[in-house]
Structure formats: structure tokens, C-alpha cells
Amino acid sequence: MDDIDTERTDAEFFAYLESKKIKTTAKLIKDCRTFFGEVSETAPEVHVIPLDDNSDLVADTNLRDYESIPFKTDIQEYFQNEVLRFAPDAWMDREKDKIGCEFPISKLFYEYQPLRSVEDILADIRALEEDEEQELSSLLND
């Protein structure tokens, strides 16, 4: 494409393709964005359907985050109090909510085992070194 440059926005790029009578399918849109697109915080908003300003915005997956919310806390209230104050433009996809509970097995069933003393560890290392020397000498003598 001779008259295309690297400074076009997403909408300008797909408008250019449309002007050249190139049919844009969902696969073509995805592939073009994957291979030619660049994520930038200063870039204008990108819509799922490139030339339709009423379509949903494309989410930046690099900014995706997940929260573990305490069991009896309201999700919307938690979002207002704990997320929006740090990221005012954050939004939730409530279709991806997972409700359940986490059982931290290591915390529930952990029993402290005191560590061995340094002297015991060094004695084991010395015994292993002696065994190694004996094995090597028996190999060399045979």
C-alpha cells in the first residue's frame, strides 16, 4: 500500500481500507490490529467495529486485573471504594465474575517443623563427600 503511513489511527486505517474497496471481516480486523497495531496510552479510543462509533471500545488487555473480594462484601461497593479511587476510568465485565471461596491449604494445615542445626547439615555434607571419595577411588582402582 503505497499511500499508507505509520501515523494513522485505527479508524483512519480501516477507512483507508474501505476507500480501496477492501472488505473488512472480523478476522481481517483482528489480524490487522495484531500485526500492524500498536498499543499506546495517547492513542484515540478504538472501537470493536472500526467505523462505528456506537460499537463497544476495545479493551487494553495489558491493563486487565482481577480482584479477590471478601465473601460478604458487595461487589459494586468494593469496586467503588477499592478500585475507582485508584483507577477512575476502570470498568468491570460482570459476565466474567466468578463466585466461590478460597481455602488456603498451606495456612490451614501447616505445621511448623523446626530446622535442623547447621552442625547436623555440615555433618551430612561431610559424610556424603566421604562416600563420594570412596566411590571414586573404587572406580579408579578397578
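Which residues does Cys32 touch, not counting residues up to four places away in sequence? To find out in this predicted model, select Cys32 and display its surroundings: with those sequence neighbours set aside, the contacts are Phe13, Phe14, Leu17 and Gly37.

Next, widen the selection to Phe13, Phe14, Tyr16, Leu17, Ile29 and Cys32, which together make up the largest nonpolar core, a set of 6 residues. Colouring by element shows where they come from, since helix H1 (10–19) and helix H2 (26–36) are the elements that give two or more residues to this core. The greatest contribution is that of H1, with 4 residues. In soluble globular proteins, nonpolar side chains tend to be buried together.

From the core, move along the chain to Phe71, which is placed in the loop between H2 and helix H3 (75–83). Phe71 counts as exposed because its relative accessible area is 66%, and the cut-off for that term is over 50%. With Phe71 still selected, add Gly100 and draw a distance between the two C-alpha atoms: they are separated by 8.2 Å, although the residues are 29 apart along the chain.

For the last stop, select Phe103, Ile105, Leu108 and Phe109 and switch to a surface view, where these residues form a nonpolar patch with about 490 Å² of accessible area together. Within this patch, pick out Leu108, which belongs to helix H4 (residues 105–109). Leu108 is likewise described as exposed, because its relative accessible area of 52% is over the 50% cut-off.

Methods:
Residues are numbered from 1 along each chain as its sequence is written. This is a predicted model: local features need pLDDT of at least 70, side-chain atom pairs count only at pLDDT 80 or more; totals for chains, interfaces and linings use all residues. Side-chain values use heavy atoms; hydrogens and water are left out. Patches are made of residues with over 30% relative accessible area and no salt bridge: like charges are joined within 9 Å, nonpolar side chains (Val, Leu, Ile, Met, Phe, Trp, Tyr) within 5 Å. Accessible areas come from the Shrake-Rupley method with a 1.4 Å probe; for residues, only the protein chains shown count as cover. A salt bridge is a side-chain nitrogen of Lys or Arg within 4 Å of a carboxyl oxygen of Asp or Glu. Buried means under 20% relative accessible area, exposed over 50%, partly exposed in between (1.4 Å probe, protein chains only). A nonpolar core is a set of buried Ala, Val, Leu, Ile, Met, Phe, Trp, Tyr and Cys residues joined through side-chain atoms within 4.5 Å. Contact means heavy atoms within 4.5 Å.
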